Amino acid sequence: MEYTELSDYDLPAGVVTSWTPRADAGRWQQDPRDLSPGHEAHLRDSEPGSWIGSVLRVPGPYEPEPLRRAVHAWVSRHEVLRTTVTRDAGAGWRRVTAPAEAVAIRDLVVGRLTGDQVTALLPSLLADVSPTAWPHCVLATVVPEPAAGSSGAGGPESATPESFVLAFGADHSVMDAYSQLLWFEEIVSLYDAARRGVPDAELRALEVGSHVDFSADDRKLAMTLAADGEPVHRWLDFLGPDVAFPRYGADITHPAADAAEAARPQASRSEWLATTDQTDDLSARSRARGASAQSGVLALFAHAARRVHGIDRLRFVLPMHTRYAPQHAAAVGWYVGLCPVDLDLDGVDPVLRALDGGRADAGGDARRVVDGTALTAAVERVHAAVAAGKPLVRYSFARVAELGGITDGPHLAVSYVDTRFVPGAERWSTWDARTLRSPAYGTDELYLWFLRTHDGLNVSARHPDTPEAHAAMDTLVEELRACFRAFGTAGLSEAVA
């Protein structure tokens, strides 16, 4: 599993079809449930063309009508995909919602395209979403050409592709990273069931919580905050006297000098850092120290940042889920809060230390082993820093920003997601499944996503497209890989101080 832009996905030549939810204007119903403060902030601040999504190769032949029924069932199950907002003169935004039976899925065959044409077109199809215009999610298929030498319709089985590409793009107001991951198993299962002739009512039957209800509750909680309350003070303390989010060094991120620099596309990368054995080893050592694998991974990130960039104090935002109620565990929606992390490693020894005087191994690297005492100290520092900020996750940062006069946004965000227990995760490699993000712009942001998967640990990143940022990220990634080489069954023994 990787988290990348669609341009990094190997798209085939074939017939492209868009799949779009539609509902008659007269079927929309006024919905009294309030928008969350984060939703309202997104309506105000979102950039055109910003979206997230997923893509996979659906196993089995392409059958349009079962696919239509599967997509309709998915939209029916999750109320957030059937709700939108309207402008109420003088009163701001109001919600309207369509019942499941009012929604239809319209397909439009775009045409038979080359691989290059598919790669150029598909991002624009998926980017055709907006926070202010429904539908907030669109889908597209690419059905590959029949195998070379086949006789087409009525020919041998090789004439029918064994899989087809299915992708979706959604506005951030209705989708978070976990929703992206849940989609793979859900849509494949729905398509399989539809092909078997399972009735529509049975396809739609999934009892999950509604993100619309969650949003209304989120607003109620947010409105209990006060400008002089602890959550606002905690955030202001984290941001400091300039009320500005921290950056990761001037050589990587910096404020844009002009409009042209602000409009420069960011670079995107995806790197595999560790094997499953190495990741499991770090996880076990972290748990033995009373922390989690997340603390271990963040400890190695902090170690690498200090070793290659001289950063002792690492301050960043850690997105964390807000799926606290069981009914929201499998729901589609935006269930994300922000955790401020202030991590100071001053006085902590390096997590790795040279072995045998630093002699190089067969690969030319100085052999290093894990310093048990230093790892314990680093993991404990991370665990404490995350624990200190975690109580703030449940409070809407949009409301905190409003009360605290905060106008800046995060410049350094680090995410950790363990995907191994998401339904269907063991089949993602077979499906060539990947979560997607749209291109981002500017020079003042560095975002890192650490993904623990059945294949090991991956880091996806977006950063300024400058020589300095590329060089700094190359060095950081290589140091992280060097760290993980000291873990796992193929690694070296732990040094006990």
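## How do we know? Strands, rings and cores

Me: What makes strand β8 (residues 137-144) and strand β9 (residues 163-170) a pair, and in which sense do they run?

Reply: Pairing needs at least two bridges between the strands. β8 and β9 are joined by six bridges in the antiparallel sense, so they pass. One of these bridges has T141 facing its partner L166 in β9. Keep in mind that this is a predicted model.

Me: Where do β8 and β9 sit in their sheet?

Reply: They belong to an open sheet of seven strands, in the order β1-β16-β4-β9-β8-β2-β7, and the pairing is mixed.

Me: Why are β1 and β7 called edge strands?

Reply: Each of them has a single partner strand, so one side of β1 and one side of β7 (103-113) have no neighbour in the sheet.

Me: Which helices lie across this sheet's strands?

Reply: Helix α3 (residues 115-126) lies across β2 (14-23), β7, β8 and β9, and runs at about 165° to β8. Helix α4 (residues 177-195) lies across β1, β4 (52-59), β8, β9 and β16 (434-437), at about 35° to β4.

Me: What about the sheet that holds β3, β5 and β6?

Reply: That one is an open sheet of three strands in the order β3-β6-β5, with antiparallel pairing. Its edges are β3 (29-31) and β5 (83-88), as each pairs on one side only. On average, neighbouring strands here are turned by 45° against each other, ignoring direction. Six bridges hold β5 to strand β6 (residues 92-97).

Me: What makes R87 and W93 worth a look?

Reply: R87 stands opposite W93 in β6. R87 also lies over the face of the W93 ring, 4.3 Å from the ring centre. The distance limit for a charge over a ring is 6 Å, so 4.3 Å fits. R462 does something of the kind with Y447, lying over its face at 4.1 Å from the ring centre.

Me: How do you know that β17 is enclosed?

Reply: Count the buried residues: eight of the eight in β17 are buried, so the strand is largely enclosed by the rest of the structure. Both faces are covered, with L446, L448, F450 and R452 on one side and Y447, W449, L451 and T453 on the other. That split fits a general pattern: in a regular strand, side chains alternate between the two faces of the sheet.

Me: Which strands pair with β17?

Reply: Strand β15 (residues 412-418) pairs with β17 in the parallel sense over seven bridges, and L412 stands opposite L446 there. Strand β18 (residues 456-463) pairs with β17 in the antiparallel sense, also over seven bridges. W449 has S460 as its bridge partner in β18, and a hairpin of two residues joins β17 to β18.

Me: Why is the ring pair Y3 and W449 called edge-to-face?

Reply: Their planes are at 90°, and over 60 degrees counts as edge-to-face, so the name fits. The centres are 4.9 Å apart, within the 6.5 Å limit, so they count as a pair. The two rings come from distant parts of the chain: Y3 is in strand β1 (residues 3-4), W449 is in strand β17 (residues 446-453), and 446 residues separate them.

Me: Are Y3 and W449 buried or exposed?

Reply: Buried means under 20% relative accessibility. Y3 is at 10%, so Y3 is buried. W449 is at 15%, so W449 is buried too.

Me: Why is the pair F484 and F487 called tilted instead?

Reply: Their planes are at 55°, which falls between 30 and 60, so the pair is tilted. The ring centres are 6.2 Å apart, and both residues are buried.

Me: How many aromatic pairs are there?

Reply: The count is 19. There is also an aromatic cluster made of W74, F168, W183, F184 and W428.

Me: Which residues touch the most other members of the largest nonpolar core?

Reply: That core has 54 residues, and Y248, L448 and F450 touch the most other members. Helix α10 (residues 293-309) gives the most to this core, with nine residues. Another core, of 49 residues, lies apart from it and includes V71, A73, W134 and V198.

Conventions:
Residues numbered from 1 in each chain as written. Predicted model: local features only at pLDDT ≥ 70, side-chain atom pairs only at ≥ 80, totals over all residues. Heavy atoms only, no water. Core = buried A, V, L, I, M, F, W, Y, C linked by side-chain atoms within 4.5 Å. Buried < 20%, exposed > 50% of the residue type's maximum accessible area, 1.4 Å probe, protein only. Helix = DSSP H or I, 4+ residues; strand = E, 2+ residues; numbered from the N terminus. Phe/Tyr/Trp six-rings, centres within 6.5 Å; stacked < 30°, edge-to-face > 60°. Lys NZ or Arg CZ within 6 Å of the ring centre and 35° of its normal. Axes fitted to C-alpha atoms, helices over the stretch in contact; angles between N-to-C directions. Contact = heavy atoms within 4.5 Å.
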